[in-house]
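Here is a short report on one protein chain. It starts with a local backbone feature and ends with the overall fold.

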Amino acid sequence: MAEGYFPKWRQQDTGTGRVIAPDERLPWPQTIAMGVQHVVAMFGSTVLAPLLMGFDPNLAIFMSGIGTLLFFVLVGGRVPSYLGSSFAFIGLVISVTSYAGSGPNLNIPVALGGIVACGVLYAVIGLIVMAIGTRWIEALMPPVVTGAVVAVIGLNLAPVAVKGVSATSFDTWMALATVLCVGLVAVFARGMVQRLLILVGLLLAYVLYAVLANGMGFGKPIDFSIVANAAWFGLPHFAVPVFKPEAMVLLAPIAIILVAENLGHVKAVSAMTGQNLDRYMGRAFLGDGLATIVSGSVGGTGVTTYAENIGVMAVTKIYSTVVFAVAAVIALVLGFSPKFGAVIQTIPGPVLGGVSIVVFGLITVAGARIWVQNKVDFSDNRNLIVAAVTLVLGAGDFTLKFGNFSLGGIGCATFGAIILYALLRGRSASTPAAM
C-alpha cells in the first residue's frame with residue numbers, strides 16, 4: 001500500500017506510560033492541551049534570545065509558528081519538532097551589530113542579511129543530504145558527537161536559568177518550589193495530567209507565587225496591569241535585511257551548528273520512538289533552513305529545532321506531530337496578539353527559571369540518551385576524550401576570537417567535537433583514560 005505524503009494520524013486514547021507515535025494523535029482536547037504545553041516549553045528561550053539581541057520578541061514568537069508549520073509541511077508531518085529562536089546566533093549578531101545590550105537593536109537589518117545567508121547555506125546542505133543521504137554527515141558527526149552536542153546545549157543554557165533566579169533569596173526558593181511542583185506532577189499524577197507535567201507544574205507554581213508575593217508580600221508582586229493595557233490584536237514589528245558581505249561571512253557558518261543540533265535532535269527522537277527517521281533528515285535540514293530564511297527576511301531571529309520540546313516529548317512520551325502543528329497555530333495567535341503575549345509575560349521570572357532548570361536538564365539527558373541508545377563505547381579513549389572535552393567546552397562557554405569573529409561555547413563545542421573526532425579517528429585505544 002503506497003504511503004501518502006502526510007500520515008493519517010490514527011487517534012489513540014492516552015494512558016500512563018503509553019507512547020504516542022508521530023503518526024498517531026490524541027483526542028483533540030488533549031492534543032490542544034499538549035500544544036499549549038509545548039508553547040510554554042519553547043516560550044522562555046524563544047523570547048529570551050531576541051531580547052538578548054535586541055529583536056522584537058513578539059515577532060520571534062510569530063515566526064516560530066510560521067517556521068514550525070513550514071518544517072511540518074517539508075517533512076510531511078513525520079518528524080515531531082518545534083522551531084524556535086536559536087541561541088547559536090546571539091554572540092555573532094551582537095558582534096556584527098555592535099548591540100549595547102538593552103532596548104531595540106538599531107542595526108538589525110545587517111544581522112538579518114547574515115541570518116538569511118546562514119539559512120541559504122543550511123538549505124543547500126539539506127538538498128545535498130536529500131540527494132546523497134546522511135552518510136557523510138554521520139561520518140563527521142557519529143552518535144558520540146551528536147549526543148555531546150545535544151547535551152552541551154542544555155548545559156550551556158543552564159547558567160541562563162540559574163542566573164535568572166538568583167536575584168533574591170525568595171526567587172531562588174521559588175525556583176526550587178517550581179522544580180518540585182513539576183517533579184510532583186511527573187511522579188505522582190496520572191493520565192493526561194501527568195502528560196502535561198510542565199504546564200500543570202508551571203500553573204501550580206504560578207498560583208503559589210501569587211499567594212506568596214501578591215497576597216503575603218514575600219516577593220515582587222505579579223503586575224497584571226500589562227495585560228489590561230495590552231491590545232487584543234496588533235502587528236509585530238517587521239524589518240528588511242541588508243546584505244553586507246562581512247556579516248554574511250560571519251553568520252553563514254552557524255549553519256554547521258544548526259546541522260549538528262538538528263541531526264542530534266532527529267537522532268534523539270528516533271531513539272525515543274524506536275522509529276528510524278533518517279530518511280527525513282534532508283527534508284528536516286531544508287525545512288529548518290527555509291524557516292530561517294523566511295524569519296530573517298522579515299526581521300525575525302534564526303531558528304532551530306528545539307531541544308526544550310524534545311525534552312517535553314521525552315518525559316510525556318507523546319511524539320504526535322499534530323501537537324506541533326497546534327502549537328505553531330497558538331504561536332501565530334500570540335504573535336498577533338499583544339494581549340496573549342502580555343498574559344504569558346506575567347509568568348514570574350523565578351517560575352519560568354524553575355521550569356527552565358527542568359527543561360534544560362531534560363535536554364542534557366536527551367543527549368546522554370543518544371549515547372545509551374546507540375551503545376557508544378566509552379571504553380574507547382577516542383569517544384571518552386571527544387565527549388569529555390565537548391561537554392566542558394560547552395558548559396564552560398569556552399569562546400574563541402579571531403579578530404572581530406567570536407565563536408561561543410556551543411559553536412566551539414560543536415566544531416571541537418567534529419574536529420577532535422576526525423583527528424582521533426585513525427587510532428583509538430581500548431583502555432579508558434586514567435581518572
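## A positive phi after H14

Lys 317 takes a positive phi of about 65° just after H14. This is a predicted model. Most residues other than glycine have a negative phi. Lys 317 is not a glycine, yet its phi is positive. The residue sits in the loop between helix H14 (307–316) and helix H15 (321–336). Lys 317 counts as partly exposed because its relative accessibility is 32%, between the cut-offs of 20% and 50%.

How many of the 10 residues of H14 are buried? Eight are, so H14 is largely enclosed by the rest of the structure. The buried set runs from Ala 307 through Glu 308, Asn 309, Ile 310, Gly 311, Val 312 and Met 313, and it also holds Thr 316. The charged residue Glu 308 is thus among the buried residues of H14.

## Trp 9 and its cluster

Trp 9 also has a positive phi, near 50°, and it too is a residue other than glycine. Trp 9 lies in the segment before E1. Is Trp 9 buried or exposed? It counts as buried, at 18% relative accessibility. The cut-off for buried is under 20%.

Trp 9 belongs to an aromatic cluster. Its other members are Tyr 5, Phe 6 and Phe 72.

## Aromatic pairs

A pair of aromatic rings is described by the distance of the centres and the angle of the planes. Searching the whole structure gives eight aromatic pairs. One of them joins Phe 6 and Phe 72. The centres of these two rings are 6.0 Å apart, with 25° between the planes, and the pair is stacked. Phe 6 lies in the segment before strand E1 (10–11), while Phe 72 is in helix H2 (residues 57–74). The pair therefore ties together parts that are 66 residues apart in sequence. The two partners fall into separate accessibility classes: Phe 6 is partly exposed at 35%, and Phe 72 is buried with a relative accessible area of 15%.

What is the geometry of the pair Trp 371 and Phe 378? The ring centres are 5.2 Å apart and the planes stand at 80°, so this pair is edge-to-face. The angle is over the 60 degrees that this class needs. Trp 371 counts as buried, at 14% relative accessibility. Phe 378 counts as partly exposed, at 28%.

## Overall fold

The protein chain holds 19 helices and six strands. What radius of gyration would a compact globule of 435 residues have? The expected value is near 22 Å; the protein chain has 21 Å, which agrees. Along the principal axes, the C-alpha atoms fill a box of roughly 65 × 55 × 50 Å.

Of the 435 residues, 56% count as buried. Contacts with a separation of 6 or more are 79% between residues 24 or more positions apart.

## Surface and charge

The protein chain has an accessible surface of about 17,900 Å². Carbon and sulfur atoms account for 69% of that surface. The side chains include 22 positive and 16 negative ones. How far apart do the centres of these two sets lie? The distance between them is 5 Å.

Note on methods: Residues are numbered from 1 along each chain as its sequence is written. This is a predicted model: local features need pLDDT of at least 70, side-chain atom pairs count only at pLDDT 80 or more; totals for chains, interfaces and linings use all residues. Side-chain values use heavy atoms; hydrogens and water are left out. Helices (H or I, at least four residues) and strands (E, at least two) are DSSP runs, numbered from the N terminus. The radius of gyration is taken over C-alpha atoms; the globule rule is 2.2 Å times the number of residues to the power 0.38. Buried means under 20% relative accessible area, exposed over 50%, partly exposed in between (1.4 Å probe, protein chains only). Contact means heavy atoms within 4.5 Å. Accessible areas come from the Shrake-Rupley method with a 1.4 Å probe; for residues, only the protein chains shown count as cover. The place of a charge is taken as NZ of Lys, CZ of Arg, CG of Asp or CD of Glu. Rings of Phe, Tyr and Trp (its six-membered ring) pair if their centres lie within 6.5 Å; planes under 30 degrees apart count as stacked, over 60 as edge-to-face and the rest as tilted.
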